[in-house]
Amino acid sequence: MSMTKKLLLALAITISTTSLFSQADETKDLNCYNKWSIKFDERGADEVTDGVYTDVIITSRVGAKATCYTGKAEVMGKKLMKCYITREDGTYEEVKRSWKGNSNKDVDIINGISESMITVHNELINVLWPKKVKPKKAAFKKAPEPTDD
């Protein structure tokens with residue numbers, strides 16, 4: 001094998017290995033919204049009924065980055081009316097933004113997650129109800145191996 005072929009083979013192996021590791025890293029680098037969204041998708045969620053909830057998660061996403069906060073949400077007519085982020089001192093601050101196309105009005109809650117509200121700066125806001133996630137289903141019971149009986 002010539003030196004050029006050896007170098008090309010080594011380069012190809014290096015590129016393949018690098019791309020494999022970068023794909024593995026992408027799955028580890030899920031943001032907080034993605035992690036919760038996957039859990040809701042896998043398990044489903046109970047219906048969010050009218051009331052005030054002090055145990056919600058409010059997510060703010062810009063591009064691939066997300067920040068998740070604890071918060072409070074008001075639901076009326078099965079729609080998200082207002083949401084508030086919890087401050088370190090236990091007080092709440094209402095989430096107020098300049099919204100695109102009234103995306104903060106008439107917000108449905110589907111499978112325990114509000115529809116995305118979009119700001120004029122393309123920030124996506126969602127409210128999640130983690131206590132509405134259905135419990136994890138038990139794994140399937142495996143059959144025993146055959147015996148010599």
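This report covers the nonpolar cores, helix H2 and the cysteines of a predicted model.

## Nonpolar cores

The largest nonpolar core holds 17 residues. Ile-58, Leu-80, Val-127 and Trp-129 have the most contacts inside it. Five strands each supply at least two residues of this core: E1 (51-62), E2 (65-76), E3 (79-86), E5 (107-110) and E8 (124-128). Another core lies apart from it, with eight residues. Tyr-33, Ile-57, Ala-66 and Ile-113 are among them.

Val-127 deserves a separate look. Leaving aside residues up to four places away in sequence, Val-127 touches Val-56, Ile-57 and Ile-58. Its contacts also include Ala-73, Leu-80 and Cys-83. Gly-112, Ile-113 and Ser-114 complete the list. Of these partners, Ile-58 and Leu-80 are named with Val-127 among the residues with the most contacts inside the 17-residue core. Ile-57 and Ile-113, by contrast, belong to the eight-residue core.

## Helix H2

Helix H2 runs over residues 32-43 and has 12 residues. From first C-alpha to last, H2 reaches 17 Å. That is close to the 16 Å expected at 1.5 Å a residue.

Tyr-33, Ser-37 and Phe-40 are the buried residues of H2. Seen down the helix axis, the buried residues fall within an arc of 65°, so they line one face of H2. Their cover includes strands E1, E2, E6 (113-114) and E8. Tyr-33 is also a member of the eight-residue core.

The two ends of H2 have their own features. At the N-terminal end, Asn-31 acts as a cap. A side-chain oxygen of Asn-31 lies 3.0 Å from the backbone nitrogen of Tyr-33. Just after H2, Gly-44 takes a positive phi of about 80°.

## Disulfide and cysteines

The model has one disulfide. It joins Cys-32 to Cys-68, with an S to S distance of 2.0 Å. The link is right-handed, with 95° about the S-S bond. Cys-32 lies in helix H2 and Cys-68 in strand E2, so the pair ties together parts that are 36 residues apart in sequence.

How exposed are the cysteines? Cys-32 counts as partly exposed, because its relative accessibility is 23% and the cut-off for buried is under 20%. Cys-68 is also partly exposed, at 26% relative accessibility. Cys-83 is buried, with a relative accessible area of 5%. Cys-83 is one of the residues that Val-127 touches.

Methods: Residues numbered from 1 in each chain as written. Predicted model: local features only at pLDDT ≥ 70, side-chain atom pairs only at ≥ 80, totals over all residues. Heavy atoms only, no water. Core = buried A, V, L, I, M, F, W, Y, C linked by side-chain atoms within 4.5 Å. Buried < 20%, exposed > 50% of the residue type's maximum accessible area, 1.4 Å probe, protein only. Helix = DSSP H or I, 4+ residues; strand = E, 2+ residues; numbered from the N terminus. Contact = heavy atoms within 4.5 Å. Expected span 1.5 Å × (residues − 1). Arc of directions from axis to C-beta. Polar contact = N/O pair within 3.5 Å; in protein donor to acceptor, adjacent residues only side chain to side chain. Disulfide = S-S within 2.5 Å.
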